[in-house]
Every structure is written in structure tokens, then in C-alpha cells.
Amino acid sequence: MKTKEARTIIFKKKVTRVPWLAGALILTLSGVNLLLIKQNFSLRKQLNAAGRIEASANSLKPGEIVTPIVGTDLNGQPYQVNYGKDGKRHLLLFFSPSCPYCIQQGPIWADILNRIDSSRFSVIGIVGDRENRQEVMNHANALGYFKTRIALPVVSISNETLARYKLTATPTTLLIDDSGRIEHAWVGKWDESKSAEVAAALK
């Protein structure tokens, strides 16, 4: 039979071994968790990039002709975007209040609204008519679209019109001439290169 002293030594060895194993297990699980998080971020990045590429490929192309837009403003009143009546080029800003990229794009669009020549350009915000009107108003107000030098009119349009304009990804920016011909279609948040391209197009 084991003495009391021997049993105490064996018990102490078991007790000290358990915390060591638990610590090793926690470290291993933490390492696996970090690897999974890294992989998740990498996959999201790839999917976002793929989505932007696909959306760009399916967007309107320069030279295509579009028909006028009929929708409703944020007060529920009818609103029309007609090409050729005022001789202006039209900049359409398609966004969604739930889109994080639209929030990041917001200050850039606000800067455009403060600097653009309103005698030559008309700027209109576009949202799908399934968007919550109050959320759209809150989003536009938070980004300062109603306090810029040119307050941004926001128009809700039907799914049919969204499809006709091939508006599937937000943010999308369309520059349309006074005859309804697409000059530029910028899909996604602008980087420095796109910002420079837009600045040149709006001169």
C-alpha cells in the first residue's frame, strides 16, 4: 500500500500537470483563432475585390444612352431627371444608407457638392425605392449633403429603373451628358486615381 506521503506527492504532480496542460491548450486555441481571423479578413478582401470587379464589368459603359429618370424625392413628391432640357451634364450619386463604403465616400461627394459648377452640372442622389426614407434622410444629413453649397436632391427610383441604369453596387457615380449619353461610370469608393479622373472630367 502507498503511504500517505507518497499519495500526497502523486496528487501534487497531477495538480501541477493540469494547469500546464490547460495553459498549453489555451495558447494553441488562441493561435488557431488568430489564424482563422486572418484567413477570414483575407477572404473578405478577396470577395470585396471580386464584387467590385464584377459590378464594374456589369455597369454602364461610356457611350451608352440612358432614358430620363422618374422617381420621388424625400418629401414623396414626383421628381424627373431629364437630359437635354437645361443643357447641363448630370452627376448621379447612387448610395445606400447601410453601405459602409458610401459613408467613406461621403466626404468626397460632399466636397464635389461644394466645388462643382452648378451652371454646368446637375448633381442628384439616387436610392432604391425599397430603402427606408427616414434612414436615407439621416444618412444624407449626417454626411452633410443638405448643408453643402449645392444641397443634394435625393430621388428614390424603382427596381426597374435601377436595372435599366445597371445600378447594382453602392457607391456608384455616373456622369451623363446633356443628351443622356454616359461619359463615365465609377463603381466603388474612389481612390486617388479615381478622384483625379473625376476632377479632370468635371473641369
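**Exercise 1. In what order do the seven strands of the open sheet lie?**

Let's start with the big picture, keeping in mind that this is a predicted model.

Step 1. Take stock of the parts: the protein has five helices and seven strands. Along the sequence they come in the pattern α-β-β-β-α-β-α-β-α-β-β-α.

Step 2. Now look across the sheet. The order is β2-β1-β5-β4-β3-β6-β7, and the pairing is mixed.

Step 3. Check the ends. β2 (78-81) and β7 are the edge strands, each pairing on one side only. From one strand to the next, the twist averages 30 degrees.

Step 4. Add a helix. α5 packs on the sheet and touches β3, β4, β6 (172-176) and β7. The direction of α5 makes about 155 degrees with that of β7.

**Exercise 2. Work out how strand β5 (residues 154-157) fits between its neighbours.**

Step 1. Find the neighbours: in the sheet order, β5 sits between β1 and β4.

Step 2. Take the β1 side. Strand β1 (residues 69-73) runs antiparallel to β5, and two bridges join them. T72 has S156 as its bridge partner in β5.

Step 3. Take the β4 side. Here the strands run parallel, with four bridges between β4 (residues 121-128) and β5. V127 is the residue standing opposite S156.

Step 4. Follow the chain from β4 to β5. With helix α3 (residues 133-142), these two strands make a right-handed β-α-β unit.

Step 5. Look at the side chains. In a regular strand they alternate between the two faces of the sheet. In β5, V154 and S156 point one way, V155 and I157 point the other way, and all are buried.

**Exercise 3. Which residues have the most contacts inside the largest nonpolar core?**

Step 1. Pick out the core: it has 27 residues, and the ones with the most contacts inside it are L91, I116, Y145 and L202.

Step 2. Ask where the core comes from. β3 (89-94), α2 (100-115), β4, α3 and α5 each supply at least two of its residues. The top contributor is α2, which gives five.

Step 3. Don't stop at one core. There is a second, separate one of 17 residues, and V66, I69, V81 and L92 are among them.

Step 4. Zoom in on I116. Leaving out residues up to four places away in sequence, I116 touches L91, F121, V123, R149, I150 and L202.

Step 5. Zoom out to the whole protein. Of its 203 residues, 35% are buried. Among contacts between residues at least 6 apart in sequence, 74% join residues at least 24 apart.

**Exercise 4. Track down the backbone oddities in the loop between α4 (159-164) and β6.**

Step 1. Recall the usual case: most residues other than glycine have a negative phi, and most peptide bonds are trans.

Step 2. Go to K166, which is found in this loop. Its phi is near 55 degrees, a positive value in a residue other than glycine. K166 counts as partly exposed because its relative accessibility is 34%, between the cut-offs of 20% and 50%.

Step 3. Move on to P171, in this loop too. A cis peptide bond joins T170 and P171, with omega at about -5 degrees.

**Exercise 5. What does K189 touch, not counting residues up to four places away in sequence?**

Step 1. Locate K189: it is in the loop between β7 (182-187) and α5 (192-201).

Step 2. List the contacts. K189 touches Y101, Q104, Q105, P171 and K194. So P171, the proline of the cis bond, turns up again here.

Step 3. Compare sequence and space. K189 and I103 are 86 residues apart along the chain, while their C-alpha atoms are separated by 9.4 Å.

Step 4. Is K189 buried, partly exposed or exposed? Its relative accessibility is 36%, so K189 counts as partly exposed.

**Exercise 6. Where does pLDDT stay under 50?**

Step 1. Get the overall level: the protein averages a pLDDT of 84, and 74% of the residues score at least 70.

Step 2. Find the low stretch. Over residues 40-53, pLDDT stays under 50.

Step 3. Check the contacts there. For residues 40-53 the model has two contacts beyond four places in sequence.

How values were computed. Residues are numbered from 1 along each chain as its sequence is written. This is a predicted model: local features need pLDDT of at least 70, side-chain atom pairs count only at pLDDT 80 or more; totals for chains, interfaces and linings use all residues. Side-chain values use heavy atoms; hydrogens and water are left out. Buried means under 20% relative accessible area, exposed over 50%, partly exposed in between (1.4 Å probe, protein chains only). Two strands pair if DSSP finds at least two bridges between them. A crossover is right-handed if, with the strands pointing away from the viewer, the path from the first strand over the helix to the second runs clockwise. Contact means heavy atoms within 4.5 Å. A nonpolar core is a set of buried Ala, Val, Leu, Ile, Met, Phe, Trp, Tyr and Cys residues joined through side-chain atoms within 4.5 Å. pLDDT is the predictor's confidence in each residue, from 0 to 100. Axes are lines fitted to C-alpha atoms, for helices over the stretch in contact, and angles run from 0 to 180 degrees between N-to-C directions.
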